[in-house]
Amino acid sequence: MSENGSIENESDSMPAETEIGFRPDEMSACEKCGRVNPPNRAACLYCGASIAAVDPSQIRLTPRVLENWEKGFNVIVISTPNDLDVSAAMRTSRNTSIEVDLLRDISAAGAIVPIARVENETEAAIVQANLKNIGFETRFLSDAELSAEKLPVRCRAIRFAKDEIILTPLNRGPETALRKSEICLFVTGAIIELKLETTEKRKRRSTTVTGESTTSFDMPLLDIYSKTGGAGYRIPGTGFDFSALGADKSIVAAHNLETLTRKLRDFAPDAKFVDDYLRLRQLLDAVWEPDSRKETVGVQRLGFGRKESVAVLTSSNGLQFTKYSRMQRHLL
């Protein structure tokens, strides 16, 4: 309160907020409003206009976490530094919001994996510039390019001819013949689905978990891509006719898929073969989280004011594997 009894505005008595750590000659002026901004901002603090003159490798980015259904841009690591500088990695982490542990793990893995998923091309370019400073070579692919919602054509049978394979789709439709010279890529992996079922007892405002059970389902897969493009073709480990293996056919579906994969690689030796999806799943989870949904499947009344409900939490990596498979095709 002032001497004359009036109440002062607290913000009027406080010094204006200033940026610490930048010299006046390092500050950038906004072309729209003329006010100066620190050199690590892509947009004006005051009016929100873009600051084109800013070095993207110096911008501090705080990207919004996107939902799986949203269309974003994926920054993909193509090659990694031989020796990651930890202090430089920490600076890159501050500028991009990518965890230092993820930078370190991807660098050690030396694999082609996504390292960030952002909202637009501008943010993708900022991430790329920062990663380039510490030795990462990257490129970005949009979710629209990956088109993971469009699944490969699921097949139910295959036949081998002299210079081609004939794939029979699971649903009605014409068979597809692929010449060995057309086949460019094989990607192996698996769809892993986990279900957690919980029984909860509700009484007034309290909830108590009274039971819990977990089930899992794993299905190995092989995706085949041709040079002519398209969504590719998918051979599942179950529900597939492996008669083409002849005497090599086993009673175990997983073994049959392994045998078929070897036969296809021998048939089209020039095609690239990618089989590291399962090894890299933990790194992929950091950027492409598995889909999950929770559903209440039943409610039972136990008495006055008390209820027991059964809820099922389902998690699946189906979208993630399709993104990984499609990414490999785009990077050929």
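How many nonpolar, polar and charged residues does the lining of the largest pocket have, by class? The legends below take up this question first and then turn to single residues; the model shown is predicted.

**Figure 1. The lining of the largest pocket, sorted by class of residue.** Counted by class, twelve of the lining residues are nonpolar, four are polar and six are charged. The pocket itself has a volume of about 550 Å³, and among the 22 residues that line it, Val65, Leu66, Arg117, Ala286 and Val287 are the closest to its centre. Two strands, β4 (113–118) and β13 (291–303), each supply at least two residues of this lining, and it is β4 that gives the most, with four residues.

**Figure 2. The protein chain as a whole, as a setting for the close-up views.** The protein chain contains eight helices and 14 strands, and 41% of its 332 residues count as buried. When contacts with a separation of 6 or more are considered, 64% of them are between residues 24 or more positions apart. The accessible surface of the protein chain comes to about 19,500 Å², and 48% of this surface belongs to carbon and sulfur atoms.

**Figure 3. Arg234 and its surroundings in strand β11.** Arg234 is part of strand β11, which covers residues 233–236. This residue counts as buried because its relative accessibility is 9%, and buried means under 20%. The side chain of Arg234 is joined to the side chain of Asp223 by a polar contact of 2.8 Å. Once neighbours within four places in sequence are left aside, Asp223 also appears among the residues in contact with Arg234, together with Leu151, Pro152, Val153, Arg154, Cys155, Leu221, Leu222, Phe321 and Thr322.

**Figure 4. Ala231, a buried residue in a loop.** The loop that holds Ala231 runs between β10 and β11. Ala231 has a relative accessible area of 14%, and therefore it is classed as buried. Although Ala231 and Leu151 are 80 residues apart in sequence, their C-alpha atoms are 6.6 Å apart in space. With neighbours within four places in sequence left aside, Ala231 is in contact with Lys150, Leu151, Pro152, Tyr225 and Arg326.

**Figure 5. Lys150, an exposed residue in contact with Ala231.** Lys150 is located in the loop between α5 and β6. Is Lys150 buried or exposed? Its relative accessible area is 55%, so Lys150 is exposed, the cut-off for this class being over 50%. From C-alpha to C-alpha, Lys150 and Ala231 are 6.9 Å apart in space, while 81 residues separate their positions in sequence. Neighbours within four places in sequence aside, Lys150 is in contact with Ala231 and Arg326; Arg326 is also one of the residues in contact with Ala231.

**Figure 6. Ser97 and Ser147, two residues with a positive phi.** Ser97 is not a glycine, yet its phi is positive, at about 65°. The place of Ser97 is in the loop between α2 (86–96) and α3 (100–109), and this residue counts as partly exposed because its relative accessibility is 42%. Ser147, which is likewise a residue other than glycine, has a positive phi near 45°. Ser147 lies in the loop between α5 (143–146) and β6 (153–160).

**Figure 7. Gly211 in strand β10.** Strand β10 covers residues 206–226, and Gly211 lies in it. With a relative accessible area of 24%, Gly211 is partly exposed. Gly211 and Lys201 are ten residues apart along the chain, and their C-alpha atoms are separated by 9.3 Å. If residues up to four places away in sequence are not counted, Gly211 touches Glu197, Thr198 and Thr199.

**Figure 8. Leu45 in the loop between β2 and β3.** Leu45 is found in a loop, with β2 (36–37) on one side of it in sequence and β3 (73–79) on the other. The relative accessibility of Leu45 is 43%, and therefore the residue counts as partly exposed. Cys30 stands 15 residues away from Leu45 in sequence, and the distance between the two in space is 9.1 Å, C-alpha to C-alpha.

Terms used. Residues numbered from 1 in each chain as written. Predicted model: local features only at pLDDT ≥ 70, side-chain atom pairs only at ≥ 80, totals over all residues. Heavy atoms only, no water. Buried < 20%, exposed > 50% of the residue type's maximum accessible area, 1.4 Å probe, protein only. Polar contact = N/O pair within 3.5 Å; in protein donor to acceptor, adjacent residues only side chain to side chain. Contact = heavy atoms within 4.5 Å. Areas by Shrake-Rupley, 256 points an atom, 1.4 Å probe, with all protein chains shown as cover. 1 Å grid on protein atoms, 1.4 Å probe; cavity = no way out; pocket = protein on both sides within 12 Å on 5 of 7 lines; lining within 4 Å. Points joined across faces, edges and corners; volume = space filled by probe spheres on them. Nonpolar A, V, L, I, M, F, W, Y, C, P; charged D, E, K, R; others polar.
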